[in-house]
Amino acid sequence: MTNSIEELADSNLILVTGSNTTEAHPVISLRMKRAVSKGAKLIVVDPRKIELTKWADRYVQIKVGTDIPFYNAVANVIINEKLYDERYVSTRTEGFEAFATHVQNYPPEYSAEICGIDVEDIYYVAREYAKASPGAAICYTLGITEHSCGSHNVQSLGNLGMLSGNFGAYAGGVNPLRGQNNVQGAGDSGAIPTDLPGYQKLEKPPIREKFEAAWGAPLPKRRGITKITAMDQMIRGNVRGVFVMGENTVVSDPHANHAEHALKSAEFVVVQDIFLTDTARLADVVLPAASFAESDGTFANSERRVQRVRPAVKPPGEARQDVDILLDLFNRMGYPQQLESPAEVWDEMRKLAPILAGITYDRLDKGQGIQWPCPTEDHPGTQYLHRDDMDSGMPGFFAPVDHVPPAEEPDDEYPVVLTTGRRRSTYHTGTQTGRASGFDLLVPHEMCEINPSDAEAWEIEDGDTLQISSRRGSVTVSAKLTERSPSGTVFMSFAFPELTRTNDVTSDAYDFITETPEFKACAVKIEKAAEQNPEWRTAQAKIRLAGEIVMPTKLKEQQQTCD
Amino acid sequence: MTTFQSTGTSPAGTTKPLNLQVNGVGVAIPANSRVLDALQKAGFDVPTLCYDERVGPKGTCRMCLVEVEVNGRTETVASCTTFAEENQKVETHTEALNDYRKTLLEMLLSETSAPKKFPEDDNTAHSEFYKAVQEYDAKAGAIPLLERRKPAPDPNPFIQRDYDLCIACYRCTNICNEWEQAGAITVDGRGQDSQIFSFFGNNLLDSPCTFCGQCINTCPTGALTDRKLAGIDPHETEQTKTICPYCGVGCGIELVTKDGELVGTKPDFDAPSRGSLCVKGQFASWEFVKSEQRLKYPLIRKDGVLQRASWDEALDLVATNFKKIVAEDGPDSTVFWASARVVTEANYLLQKFARVAIGTNNIDNCSRT
């Protein structure tokens, strides 16, 4: 996030797009609700009628994968009606002229047609967003990034942030909400094929030399390969050894059959995890690790805040903390490290990464965590980025991006769009929430959310067992009728892989720059399964999806009489 | 309850701080603060039974009343609702105030079952209300007992609702409706007949409740409690401050342990998340840790089957095989995948391992998925 969670409560306007915030980031949604209570406007742009729309001043239901035409048209209105921040644009950005010309290709009427919305929605969003700026925040998450044009989607939002001067504005910014407890920290630590710790580019010789001197070893010059590429290389026999730490790739990655095939093709696979996951079952060596509750270290949250993680209990059996296992492995490879504890590891890292340099365990233990960049030990940390200048030291570049439809669009054989995501009471592949007592009463199994009008046309009833198939695979799942899904689009999570491995079906397309998989759109066909599971029907009879109220029949009848 | 110390501030509006005297002690607080902020900052404590800083002052329980001197005249005001003024003199524990608080507490005691349950009921004994009762030596029965409110026989597995302990402070309905804005519970009836009620049919599973657990965490009496912590004596537990293992919000939690075993979770009110949690952080952040399915020893595939091995065997095998592959096909024939679920320090070591011990930049994490 460019800005901070707490700031959102002070925003003039919050535009939430591709984020089911009340379910995926419930505690961030509290700040959004707070802002609305204090008079801020809330705009939700999302294909699904998510719970947050209940708080929205305007809900814009665009079709899956039409973000770029929508935001280009919003930019078109902001520019043509001269609602942008001219001073900001002229002093802090570059490429405005070309961008202004480019968005003339996206008149509101044209984009409204592509997005399947009323053209007035585009004018409304453009005018309100510009009027509320600076101090208007955009929040997004995987609904924006998990597309084959995901990085361009992000740029289309960045364009708006620059036009309106929201980069560097309190309670403004363009804010990706991070999905996992330490996804930020994993990036910060340099676990990226292109970057050394602290987002320092390894292809720059002075950077590499600094690390070579500190680590006392020559470093490879060429950037590494991403997970997606690595899996293809395993199948081709070019990648033979694989080390997976704390990730259930087979279930969490798209086109699961492909991931499984890749790992089976690799010669030697090591998995370090807390459970014998589907991925660990494919390994040659499985190393038992400590869970978060048994680990000492830090997590970095969505707002770049580094916070201390402390062990409350000992790991079970012979399981060991990840840090301890890796230090042992260094020894056995002949590279002994002069490090003994997570605190010492952190100290080595922060001294090499300027954005983390001022963050010490001592400071973390005394306060409420510290937000990077924090260059020195007397620096308080950074609440929001780009305050006086772009933090990159360069001007912000407008990106003229074009509409790219999802790689797989519905056709006669696979006529329905499947989009995936989370629900509030289940998480990711279910290894954690699936083991919490009582949670089966909240969401008992995987459900495919279908608009009632589609269900009627397809002759499907709530609780029917369905066979959902794509070009890559097929799963069985229970039908859940809900207005949350737009007509022609269905939704599933992937938290119940034992009976419904959703990612057997999802697309194998990915973003051409970041290689983020296109989880948010693939084409499927839906049929009633030959074998029905009556338990599913009973178990979900009383389930409420977020934002839905199931009124007792008696009250419903009374209400109808009143109508 | 501590007041949240904002970690950052709006660049707008930094006005002069106010100087007050609380029980003769000078204290400076930011402009637009309440008297309660001043006395808390000066280190004085008054019961605040209807107060949760997240929803702001309500002024209904009257327990935080203090005497302030204004224009030479002494007035008794609720410190939570009253704005502090420059040079204000505040008295928090005069004899009259102490007597007044004692009487109020005795009135509250007359409407709850707490007298019977004190002190053997541990959740109650740990509550803000009971601490105030002890501090002010309030006596159950000093005021004739009234009819009890009724516990809700609610079958949900998360929230125990013993409304016979309720003192109608409405912190639960305030946090539910104003902070969470879930709208699951409301007040039904008036006065002594008032009762907390949920839509529809008083069963939380049928209501819009999201089971965020905030009503439990704000309840000052123990009327609302965590069913997963039922029967556990808080005096015998320890709390460890750490971070929730789910999404990227990074809410502060306290893992509750008893005899070295995890038994539950509570929110960390000192964290930037201000005590907020969702259903996962509140009710699903520790049972998986204790699962019998946890991996307890290393495994090595022998004859096609994963079998128990020692750490030495397992790690030597890892080192040997990686050395062999690197020797035969070069370092780029290996890949390393870090994790968004483990601590940053471990991710740092894995990338360093790939780059230094192996010699490849083939290190990635699941930020793409």
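**A tour of chain B and its partner**

Start by selecting chain B and colouring it by secondary structure: you'll find ten helices and 16 strands. Keep in mind as you click around that this is a predicted model.

Now hide everything but the C-alpha trace of chain B and turn it about. Along its principal axes, the trace spans about 90 × 50 × 35 Å. How does the radius of gyration of chain B stand against that of a compact globule of 369 residues? The globule would come out near 21 Å, while chain B has 27 Å.

Next, bring back the residues of chain B and look at the inside. Of its 369 residues, 52% count as buried. If you take the contacts in chain B with a separation of 6 or more, 57% of them are between residues 24 or more positions apart.

Time to show chain A as well. How many residues of each chain are in contact with the other? On chain A it's 122 residues, and they touch 106 residues of chain B. Select residues 322-332 of chain A: this is helix α15, which gives the most to the side of chain A that touches chain B, with eight residues. Then colour that whole side by residue type, and you'll get 64 nonpolar, 36 polar and 22 charged residues.

For the last stop, select residues 241-245 of chain A and residues 334-337 of chain B. These are strand β9 of chain A and strand β15 of chain B, and they run parallel, joined by four bridges. Which residue of chain B stands opposite A:Gly241? Zoom in and you'll find B:Thr334, in β15(B).

Key
Residues numbered from 1 in each chain as written. Chains lettered and ligands numbered in written order. Predicted model: local features only at pLDDT ≥ 70, side-chain atom pairs only at ≥ 80, totals over all residues. Contact = placed C-beta atoms within 7 Å. Helix = DSSP H or I, 4+ residues; strand = E, 2+ residues; numbered from the N terminus. Nonpolar A, V, L, I, M, F, W, Y, C, P; charged D, E, K, R; others polar. Pairing = 2+ DSSP bridges. Rg over C-alpha atoms; globule rule 2.2 N^0.38 Å. Buried ≥ 20, exposed ≤ 12 C-beta atoms within 10 Å, placed from the backbone.
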